[in-house]
Each structure stands twice: as structure tokens, then as C-alpha cells.
Amino acid sequence: MRKIAALALLGFALMPAPVWSQANLRPDPNPRVPPQPGQSLPYEDALFLKEAALAGRGQAELGRIVAERATDDALRALGQRIADTQRTLGSEIERLASSRNLPPASTLKQEEADRFGAAGTVTNPANAREDLSAKAVQSLSEASGEAFGKTYVEAQLRLHDRLVDLYQTEASNSPDRELSTFAITSLVAIQKDRDSLYQMAGRFGLETHREGQAIQYGDPAKAR
């Protein structure tokens, strides 16, 4: 066990500084208990799989809209790359979910999730809203002209704040080693896409908050 822990720490130490500073994983003061034989997956882990899958489907729709309507080649390429990232993650999420005993779907409804605070899967309550992807798709569908690109980048910055929070919280707190490893490794691609969004934000006059730790570990008042 000590050898495994040492190797894990070595792996993080070898990560580039920006990745290490962004993937600032914290231990859970109230750790989840791994399921016993015959028990279903812990509620928070099941909710993570659900929320991550929903986010991936929303990203696929955003990518479709950008591919059809964006006149800016760089914006279209970024939209396609983000959609590809989420499509790849979605395939792995489907595999992970299918190999686990999930709790009843009725317990994963939003009204039940609220009992856990911040949907049980994110650190910042501002990121708990399930409708962010749907609202982003609606806003982008209604945008046109110069506002189209700004609407897309602004929506994606909000969505990626939520995605990073979602995956970091799972990586920090899940007792399921396969799920936590998936969350940690997936953060690299998600944060790379978010960095590209930061770079493009200036073209549309959007301010970003890149300094310091990931936003959910800082002042919640700064959440988008």
C-alpha cells in the first residue's frame, strides 16, 4: 500500500506545474465508505457518473451547433475539440457505469441530490445546477452574428468551471479507485480545453479568473 501511495505521489510530482496547481486535490474530512458486497455504488459516485454523462451530452450538442454555424475557423476547431474530449470521456463513463451496481435512478433526481449539499458531487454550490448545459445550448441556439462566438466561449467557461469542480471533487473523495483514477486523468484534457477557452476569451472581451487555485477551492463569491 505504501509503495502504491509513493508511486502516486511521484506521478503528481512529475506533472507540469500548471497541471499540478490546478489539480489541487483535497482529502475528504468525511470520507465515503466503499460499498460492501451486494451494496450499490455510493450515492455521490453514482451522481458523479450521471452528471458527467449529462455534461458530455450537452457538449456534443454545443459542438454540433458550433460546427454548423460558426464562421470563425478557430472557434469551430475549438468547439470540435471540446466535443471530442467529452465524447471520449462519455464512452468511458458508460463503461464505468455499466460495470457497477447503481442505486435506483429515482434517488439521483435533483430534489434528492439537494439533500447532500452542492449535489453531492461538487465543492462549490454554484456549480451544482444541472441545467447549465441545457441553458448553454438554448443561449447558443438563439445567438447570431458577433454575439455567437462570445455566447459560446462565455457558456463554455461556466461549464468548464463546473466540469473541473465535478471531476476534482470525485478524484478527491471517491473510495472507488478506478473512478478516482478516471477523474484525475480526465482532468488533464478538461483543463487543457479550459486553458484554450481562456486564451480565446480575450477576443470577445471576456474577463477570466485564472490566478491561484481552481475556483471552487477559493472564494465561492467569485464563482461565475
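**Packing of helices 4 and 7**

Helix 4 passes helix 7 in a left-handed crossing, that is, the near helix is turned anticlockwise from the far one by less than a right angle. The model is predicted, with local features requiring pLDDT of at least 70 and side-chain atom pairs pLDDT 80 or more, while totals for chains, interfaces and linings use all residues. Residues are numbered from 1 along each chain as its sequence is written, and side-chain values use heavy atoms, without hydrogens and water.

Helix 4 spans residues 73-98 and helix 7 residues 146-173 (helices are DSSP runs of H or I, at least four residues, numbered from the N terminus). Their axes lie 12 Å apart at an angle of about 30°, and the two helices are therefore roughly parallel (under 35 degrees). Helix 4 contributes Leu75, Leu78, Gly79, Ile82, Gln86, Leu89 and Ile93 to the contact (heavy atoms within 4.5 Å). From helix 7 come Phe148, Gly149, Tyr152, Val153, Gln156, His160, Leu163 and Tyr167.

Isoleucine 82, in helix 4, has 0% relative accessibility and so counts as buried (under 20% relative accessible area, 1.4 Å probe, protein chains only). Not counting residues up to four places away in sequence, isoleucine 82 touches Gln59, Tyr152, Gln156, His160, Asp193 and Leu197.

The largest nonpolar core (buried Ala, Val, Leu, Ile, Met, Phe, Trp, Tyr and Cys residues joined through side-chain atoms within 4.5 Å) has 24 residues. Leu62, Leu75, Leu140, Phe148, Tyr152 and Val153 have the most contacts inside this core. Helix 7 supplies its largest share, 6 residues.

Definitions and conventions. Axes are lines fitted to C-alpha atoms, for helices over the stretch in contact, and angles run from 0 to 180 degrees between N-to-C directions. Angles under 35 degrees count as roughly parallel, over 145 as roughly antiparallel, 65 to 115 as roughly perpendicular and the rest as oblique. Buried means under 20% relative accessible area, exposed over 50%, partly exposed in between (1.4 Å probe, protein chains only).
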